[in-house]
Amino acid sequence: MTCAPEHLRMAEAIIFVSKVPVTPRALRLQMPDADVDAVLAELRQVYEGRGFGIAETGGGWVFRTRPECSRLATEFKEAPLSPQAIETLAAIALWGPLTFAEIERIRERDARAVVITLADRRLIRAGPRREGRVTAMTWVVDTRFFEMFDLTGLAALPTWAEARRPELADLSIRPEAEADVGTEVEVPVDDPEVAVEVEGELLA
C-alpha cells in the first residue's frame with residue numbers, strides 16, 4: 001500500500017534535519033494518523049540505489065552515505081564553522097564592509113586565520129577599498145553566506161541596532177531612522193588603517 005505523500009515528506013524532513021537517530025515513537029508523535037512502519041519501509045525503497053539512504057541505527061533512523069560513496073562524501077564534506085568563525089562572520093554581515101584591522105579590533109584578538117578560512121569557503125569576499133594613509137581592503141559577506149543561512153539578501157539581515165534590541169526581533173519592524181543594511185557605518189576602532197600582509201594580499 002502506498003503511503004500518503006504528506007507522511008513521506010514529513011518523515012523525510014524530520015530524519016534529514018535531526019542530529020540524532022529518529023525513533024518510530026518520535027515519528028508517531030508527529031504523525032499520529034500514519035502507519036510509521038510502512039512510511040519508513042517506503043522511504044527506504046525510495047532511496048534504494050542512490051548515493052545515500054535511510055539506515056536504522058541506535059534505535060532510530062538516520063540518513064547515511066552509501067559505503068561505496070563514503071570516500072567522495074568525506075572529500076567534499078566541509079567541517080562546521082568554529083565559534084570564532086561564526087563570530088567574525090556575524091560582525092562582517094552586520095557591520096560590513098570592514099577592514100582587517102577593524103575585524104581584529106571588534107574581536108579583540110588575531111583574526112588572520114579566521115578571515116582566510118571564511119574567504120576560502122567563499123563566505124566572505126573582498127569589498128571596496130578604503131582610502132586613507134594606506135589603501136585598505138575591506139571584507140563583505142559573499143553569496144554563499146546567504147545560501148548557508150537561507151537568506152534572500154542583505155535586506156533580510158537586521159541592522160546592528162536591531163540585533164541588540166529584543167523588541168525589534170520581528171525584522172518587519174524597522175524604524176525609519178535606522179541606517180540601511182549594507183551601508184558603511186562607524187565602528188569602534190582607534191586606528192583602522194593598519195596594513196597586514198596575508199598571502200600576498202594587502203589587508204587592513
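Two strands count as paired if DSSP finds at least two bridges between them. In this predicted model, three strands form an open sheet by that criterion. Their order is β3-β5-β4, and the pairing is antiparallel. The edge strands are β3 (98–99) and β4, each of which pairs on one side only. Two bridges join β3 to β5, and these strands run antiparallel. Within this pair, Leu98 has Trp139 of β5 as its bridge partner.

Helix α6 spans residues 100–107. Its buried residues include Phe100, Ala101, Glu102 and Ile103. Arg107 of α6 is buried as well. Glu108 follows α6 and has a positive phi, near 60°.

Helix α7 covers residues 112–120. Val114, Val115 and Leu118 are buried in this helix. These residues lie on the same side of α7 because they cover an arc of only 95° around the axis. The face turned away from this buried side carries Ala113 and Asp120, which are exposed.

The packing of α7 involves both helices and strands. Its buried residues pack against α5 (83–95) and α6. They also pack against β4 (124–126) and β5 (138–141). Both of these strands belong to the open sheet, in the order β3-β5-β4. After α7 comes Arg122, whose phi is positive, near 60°.

Technical notes
Residues are numbered from 1 along each chain as its sequence is written. This is a predicted model: local features need pLDDT of at least 70, side-chain atom pairs count only at pLDDT 80 or more; totals for chains, interfaces and linings use all residues. Side-chain values use heavy atoms; hydrogens and water are left out. Buried means under 20% relative accessible area, exposed over 50%, partly exposed in between (1.4 Å probe, protein chains only). Helices (H or I, at least four residues) and strands (E, at least two) are DSSP runs, numbered from the N terminus. The arc is that of the directions from the helix axis to the C-beta atoms. Contact means heavy atoms within 4.5 Å.
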